[in-house]
Amino acid sequence: MGEHADDPPPEAGKLPTGRLARTARVGGLVTGQGLRWAGMRTANRVRTPERAAAAQSERTAALVNQLVDQLGQMRGAAMKVGQMISMVEFTDMAEDEQDELQRKLAALRDDVPPVPFAALETLMRKEFGGPLERVFSDFDERAFAAASIGQVHRATTIDGDDVVVKIQYPGVAEAVETDLRNATLLLPLVKRLAPGLDAKAMAAEMRERIGEELDYELEAQNQRRIERLMRGHPFVYVPRVRTDLSTRRVLVSEYVEGQRFEAVRRSDEALRDRYGEIVFRFFFGLLYRDRIALGDPHPGNYLLRPDGTVCFLDYGLLRNVDAARIDGERAIALAVLGRDAAALKAALLATGYLPADRADAVDADWALRMMRMAVKWYAVPGQRRFSPDHAGRSLERERRDPDQRAEARTQVNQFTLPPESNLIRRMHGNVAVVLGQLRAGADWGAIAAEYLHGAPPATPLGEAEAEFFARRGRGAGISLEAAG
């Protein structure tokens, strides 16, 4: 499933200590940045529009980067809080500064050292009620994957099955709880950067989702559910869970051999395009067919199997989506496709992206231009090849003068991100990032139309999938399970 990580250094993987000190640092950050922000706003009253815009951009960049640096000290919750920040479009930041922010957020997710095995072994003995030898005939002590909440090891069960064992870090639940409280202190700063964002509702959603991710039994249920939906699929594979060996803090599932994402990135264009289409179809199909939002389309969670199918891993971040919200997302895409500004504004109101008490402040034509930049890549048919420089960002970003930026900021701040849409927007954005890293090309709008509007299959993969679901009595755009 991948190469082993190097043996961790002595201090690798230590959970955060000094929680009172960390809380004090967060409080100091909030106070200090609040004073600096107030000073900037006062000074801007006597500055030219150009200088005021530059000062606003500088202060925004400094504040966002300090927020991300602070998250870097929160291990267990850092990636999860970063997910919230990554969904905010900071209109006052220059494009290169936003790119650097995304790189920093990616580092929070990816640069996690493994925990020494001795600590994990103690936890597993408690979970299994005895020594590992009672469960596994062989257990590799070297981790080959590590994340914010747990890490993964290879093993062989007593009955001879090759498995992967995902183990939660000892004490991580307590650390996450502390860091979430600290993160709540940061919400006034996030609100200052994005006045339209309902930061409290977003924090509540984040707390609920993280609580679910800490429960590996729930993740096992999620994985079994997706595995049943996809069993026998022509190009998607989901590993089976060993329910009998899984607990709240240990998740055991089938070992799957395959190439990691970096190897696929170095492959020829045809393979990258096919792989990208499979990734797109997996996440968009689950959302618009089965009403399941998977919020972590991280490229480290895919394996290209020798038979050409793609194995998808990690089901800790999942949300069931109600039919009305899916209908609303479809309405947004349809209005963008038809360039119907009035219909789009109505759809944004219906889905909660535009609160009713702010609707009069939003120009419908401006909203249409904004949404076309954001969702045209999947809402409007047309051949498109992604590039890493534009992945997950507005593909037709406009250059604006200070007055235009001020007007755009006023308009953007009228919108909010409903908590129940957080994983949807995160999925859309992260799939675009993955396609950019792959430099994948396709008519993404035509493929998405299969799921959004019930259009006929646009590619051979679409035909194979349609045949598969037809045999099971399910269409591309609706799941009988979801409907029932």
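**Exercise 1. Determine in which sense strands β4 and β6 pair, and how far β6 is covered.**

Solution. In this predicted model, strand β4 (residues 162-168) runs antiparallel to β6, and the pairing extends over five bridges. To place one of these bridges, start from Lys166 and look across to β6, where its bridge partner is Leu251. Next, turn to the burial of β6 itself, which spans residues 250-254: four of its five residues are buried, and the strand is therefore mostly covered, buried meaning under 20% relative accessible area.

**Exercise 2. Describe the largest nonpolar core, and identify what Phe280 touches.**

Solution. Begin with the membership, which comes to 72 residues, and note that the members touching the most others are Ile226, Phe280, Phe282, Phe312 and Trp377. Then ask which element supplies the largest share of this core: helix α10 (residues 269-290) does, with 10 residues. Now take Phe280 and set aside residues up to four places away in sequence; what remains in touch with Phe280 is Gly285, Trp377, Tyr378, Val431, Leu435, Trp444, Ile447 and Ala448. Finally, a second core of 28 residues is separate from this one, and among its members are Val163, Val176, Leu214 and Ala220.

**Exercise 3. Decide whether Phe117 is buried or exposed, and work out its surroundings.**

Solution. First locate the residue, which lies in helix α5 (residues 117-128). The relative accessible area of Phe117 is 11%, and because buried means under 20%, Phe117 counts as buried. Once neighbours within four places in sequence are left aside, the contacts of Phe117 are Met124, Leu132, Phe139, Glu141 and His153. As a last step, compare positions along the chain with positions in space: Phe117 and Ala143 are 26 residues apart along the chain, while their C-alpha atoms are separated by 8.3 Å.

**Exercise 4. Find how many cavities of 30 Å³ or more the structure holds, and characterise the lining of the largest cavity.**

Solution. A search of the whole structure gives three such cavities, and the largest cavity has a volume of about 90 Å³. Its lining is made up of 13 residues, of which Asp296, Asn301, Leu313, Asp314 and Tyr315 are the closest to the centre. Sorting the lining by residue class then yields eight nonpolar, two polar and three charged residues.

**Exercise 5. State how many helices and strands the protein has, and what part of it is buried.**

Solution. Counting the elements gives 18 helices and 12 strands. Of the 484 residues, 54% count as buried. Among contacts with a separation of 6 or more, 74% are accounted for by residues 24 or more positions apart.

Conventions. Residues numbered from 1 in each chain as written. Predicted model: local features only at pLDDT ≥ 70, side-chain atom pairs only at ≥ 80, totals over all residues. Heavy atoms only, no water. Core = buried A, V, L, I, M, F, W, Y, C linked by side-chain atoms within 4.5 Å. Buried < 20%, exposed > 50% of the residue type's maximum accessible area, 1.4 Å probe, protein only. Helix = DSSP H or I, 4+ residues; strand = E, 2+ residues; numbered from the N terminus. Contact = heavy atoms within 4.5 Å. Pairing = 2+ DSSP bridges. 1 Å grid on protein atoms, 1.4 Å probe; cavity = no way out; pocket = protein on both sides within 12 Å on 5 of 7 lines; lining within 4 Å. Points joined across faces, edges and corners; volume = space filled by probe spheres on them. Nonpolar A, V, L, I, M, F, W, Y, C, P; charged D, E, K, R; others polar.
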